[in-house]
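Student: I am new to this structure. Please take me through one part of it closely, and then show me how that part fits into the rest.

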Amino acid sequence: MASNATKTLKASCLCGAASYETTVRSSSLPLKSWWCSCTSCRRMTGTLALCVVYLPESYSPPQAVLEKLTVFEFTKRVFQYFCSTCGSHILARCLDDAEAKEPKVTWDAMSGTLEKFDGFVHLRGHEFINDTLDGGISDFVPTIGGRKMDRYSTRPEKSEQLSLNWKDPKIAKLKPNKGKVHAQCKCGGVEFWIAHPSARSTHAASNWPDLLRPNAPDNPNNECWWLQDNNTKFLAGTCSCNTCRLASGQEIVQWAFVPTVDITLDAAGEVKFERQFGTLKQFESSEGIFRSFCGVCGASAFYWADDRPFLMDVAIGLLDAPEGARAENLLEWRTTRLSYREDALGRAKGVVEGIESGLQAYGERRDRGEREVIERQVREEGAKVMVVR
Ligand SMILES: [Zn+2]
Ligand SMILES: [Zn+2]
Ligand SMILES: [Zn+2]
């Protein structure tokens, strides 16, 4: 009988310590999923959105898996579980009523940990865009597989939908600001500041080019690819490689490339950056390649390589920029490429193609907007010149 058909859902963290599988009825597939852009989810994952998948109500994880995980009280109703070894967010335990003696318990999976996505997960859209101020990831991924993603300001189906390019009115009133950008994880155990680029930002070295530019074989002249926009911004990009996905538990991760000299552990800029500070834990994801995450809330924080010691990949979800989640006064997003699409294409084709076309279109809108500003300035300057004459 077709109605009794089942499929096996497999999930794993990066190190493999917390793997599990469960049988789900085919009739309950695909499982419903949302990308949450709320500030708490960004701070807890280090990414621009947490991708949550609702597991069947009957599901409960084996004790042996839970023992490998660290639990973090996200809210009174939601408890997040991440791998104690590699930091991957795996599961969330949700109570229907935090006050009840015997609350109903359901479990969510983090989509990035699922072995299969297409056919298993239906990503409905974005929620809590309001918190991002600038639209966050929702402007990068407006459609998936040709289907328009829902764009809820707060709770799905219970709040208004926001248009593409929505921005919180308060960011239009911001004065240009080159102050340090604050960053922290959800629990506050990992906290640091990033200065805007300056002359010293060119002193970092990288003997291999940015992973966003795979066609350049090496970097013999130490071209400062991490600096963009006339050396006024750091490069930012999106990655869909299997390692980033499994390390975070999220579908897509976002990194900023920042020299260590521009990161400090205090707002005054006096306490130098170190790889180990606060509640950070490290995991060597391959030889000489390290990823660090918060040992309390599981947020991804940094990626670095032993042969590139003065340049860090910084998890963008931790940034607290006044202009919004994308931190575009500090970062220049590369919109022409999603890194390691080949890792993700066979697993989540719609997501890969959705983010690629969405990013491209976003970049074109952004560049057109910047051109219009320059043209307006030229027109206005031109008008002033006329008056002086
Ligand atoms: Zn693990
Ligand atoms: Zn959230
Ligand atoms: Zn934390």
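Tutor: We start with the metal sites and then step back to the whole chain. Keep in mind that this is a predicted model.

Take the zinc ion (ligand 1) first. Which residues hold this ion? Its protein donors are Cys13, Cys15, Cys83 and Cys86. Each one gives its SG atom. The donors lie 2.3 to 2.4 Å from the zinc ion (ligand 1). Now look at the angles among the four donor atoms. They run from 105 to 119 degrees. The site is tetrahedral because all angles lie between 85 and 135 degrees. Next, follow the donors along the chain. Their spacing is C-x1-C-x67-C-x2-C.

Are Cys83 and Cys86 buried or exposed? Cys83 has a relative accessible area of 0%. For Cys86 the value is 3%. Buried means under 20%, so Cys83 counts as buried, and so does Cys86.

Move on to the zinc ion (ligand 2). Cys36, Cys38 and Cys41 coordinate this ion through their SG atoms. The distances are 2.1 to 2.3 Å. Along the chain, the donors of the zinc ion (ligand 2) are spaced C-x1-C-x2-C. Cys36 is buried, at 4% relative accessible area. Cys38 has 11% relative accessibility and counts as buried too.

Now the zinc ion (ligand 3). Its coordinating residues are Cys185, Cys187, Cys294 and Cys297, again by SG. They sit at 2.3 to 2.4 Å. The angles among the four donor atoms are 98 to 122 degrees, and the site is tetrahedral. In sequence, the donor residues of the zinc ion (ligand 3) follow C-x1-C-x106-C-x2-C. Cys294 and Cys297 are both buried.

Next, place these sites in the chain. The protein chain is divided into domain 1, residues 2–151, and domain 2, residues 178–356. Where the two meet, 49 residues of domain 1 and 47 residues of domain 2 take part in the contact. The C-alpha centres of the two domains lie 23 Å apart. Go back to the donors with these bounds in mind. Cys13, Cys15, Cys83 and Cys86 of the zinc ion (ligand 1) fall within domain 1. Cys36, Cys38 and Cys41 of the zinc ion (ligand 2) also fall within domain 1. The four donors of the zinc ion (ligand 3) fall within domain 2.

One more residue is worth a stop. Where is Asn219? Find the loop between strand E14 (191–194) and strand E15 (227–228); Asn219 is there. This residue is buried, with a relative accessible area of 9%. Compare its place with that of Thr23. The two are 196 residues apart in sequence. In space they are 49 Å apart, C-alpha to C-alpha.

Finally, step back to the whole. The protein chain holds six helices and 23 strands. It has 389 residues, and 52% of them count as buried. Its C-alpha trace spans about 85 × 45 × 45 Å along the principal axes. The radius of gyration is 22 Å. A compact globule with 389 residues would have one near 21 Å, which agrees. Now consider contacts with a separation of 6 or more. Residues 24 or more positions apart account for 63% of them. The accessible surface comes to about 17,700 Å². Carbon and sulfur atoms make up 50% of that surface.

Definitions and conventions:
Residues are numbered from 1 along each chain as its sequence is written. Chains are lettered from A and ligands numbered from 1 in the order in which they are written. This is a predicted model: local features need pLDDT of at least 70, side-chain atom pairs count only at pLDDT 80 or more; totals for chains, interfaces and linings use all residues. Side-chain values use heavy atoms; hydrogens and water are left out. Donors are N, O and S atoms within 2.8 Å of the metal (3.2 Å for Na, K and Ca); water is not among the atoms, so sites may look incomplete. Four donors count as tetrahedral if all angles lie between 85 and 135 degrees; four count as square planar and six as octahedral if opposite donors are over 155 degrees apart and all others between 65 and 115; anything else is irregular. Buried means under 20% relative accessible area, exposed over 50%, partly exposed in between (1.4 Å probe, protein chains only). Helices (H or I, at least four residues) and strands (E, at least two) are DSSP runs, numbered from the N terminus. The radius of gyration is taken over C-alpha atoms; the globule rule is 2.2 Å times the number of residues to the power 0.38. Contact means heavy atoms within 4.5 Å. Accessible areas come from the Shrake-Rupley method with a 1.4 Å probe; for residues, only the protein chains shown count as cover. Domain bounds come from an automatic or database domain assignment.
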